[in-house]
Amino acid sequence: MKIDILTVLPKLLEGPFADSILKRAIDKEIVQVGVHDIRKFSKDKHQKVDDYAFGGGAGMVMTIQPIHDCIESLKAANEYDEIIYMTPDGEQLNQQISNELSMKKNIMILCGHYKGVDQRVRDHLITREISIGDYVLSGGELAAAVLSDSIIRLIPGVLNDETSALSDSFQDDLLAPPVYTRPADYNGWTVPEILTSGHLKKIEDWRFEQSVLRTKERRPDLLERGKKH
Ligand code: 6GU
């Protein structure tokens, strides 16, 4: 899979892919992540990528030309299943969307800045618009990193048994159960006895119970949606 991210602030996207699971996925060549600086495509003599909004009002708008040229240069080299625009007024990201996107071959992600991009980019070049929640970020870069992380970890071969995504919260509309590690007694704070009993079946049942309990307490809306329990 290839993920190409288009941004005016490429430095913001260095950190998230430089460590841990995402770095390993890139090193293993399971995913290729390209970060593309939109400014390099600007034909303006000062490499401008934004301009005042028609009709007035505060804030700058990202212009079409550099974005269009950047998208076209990538399209000339690869076929894309989706060209996603990160925007707070998009469809809200959830595990189902990440699952779906993790099965695609190539995706492009456009990060907005300032007051956003010229609407004609969204009308003519973008296939899907995604938000990561009801709050406003300064730009789409952190949201693009969140989206990429949630997708990449689901690609077969990225996680091993120990980090398996099957036991993640949300994967079956249930939150994950509590987890514990050594020591079994930390200054009188003990772990549930069942977990040190060695009874695998009982442990599995306990974990499922805890998952349901936790979901009922914290996210009853998930149980409504799942209608499984
Ligand atoms: Cl995708 N972009 C920005 N700028 N803010 C957001 C967002 C995206 N999702 C939630 N807030």
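Is D69 buried, exposed or partly exposed? At 22% relative accessibility, D69 counts as partly exposed. The legends below walk through this predicted model view by view.

**View 1. K43 and D69 meet in a salt bridge.** Their side chains come together at 2.9 Å, N to O. K43 sits in the loop between β2 and β3, while D69 belongs to helix α2, so the pair ties together parts that are 26 residues apart in sequence. Unlike its partly exposed partner D69, K43 counts as exposed, at 68% relative accessibility.

**View 2. Strand β1 is mostly covered.** Here we look at residues 2-7, six of six being buried. K2, D4 and L6 point one way, and I3, I5 and T7 the other way. In a regular strand, side chains alternate between the two faces of the sheet.

**View 3. β1 has parallel neighbours β2 and β6.** Six bridges pair β1 with β2, where D4 stands opposite G34. Between these two strands the chain passes through helix α1, making a right-handed β-α-β crossover. With β6, β1 shares five bridges, and N106 is the bridge partner of K2.

**View 4. E82 and R128 form a salt bridge.** Their closest N and O atoms are 3.6 Å apart. This pair links strand β5 to strand β7, across 46 residues, and both partners are buried. The two also belong to a network of salt bridges with E91 and E100.

**View 5. R122 meets D89 in a salt bridge.** The N to O distance is 2.9 Å. R122 counts as buried at 16% relative accessibility, whereas D89 counts as exposed at 52%.

Notes: Residues are numbered from 1 along each chain as its sequence is written. This is a predicted model: local features need pLDDT of at least 70, side-chain atom pairs count only at pLDDT 80 or more; totals for chains, interfaces and linings use all residues. Side-chain values use heavy atoms; hydrogens and water are left out. Buried means under 20% relative accessible area, exposed over 50%, partly exposed in between (1.4 Å probe, protein chains only). Helices (H or I, at least four residues) and strands (E, at least two) are DSSP runs, numbered from the N terminus. Two strands pair if DSSP finds at least two bridges between them. A crossover is right-handed if, with the strands pointing away from the viewer, the path from the first strand over the helix to the second runs clockwise. A salt bridge is a side-chain nitrogen of Lys or Arg within 4 Å of a carboxyl oxygen of Asp or Glu.
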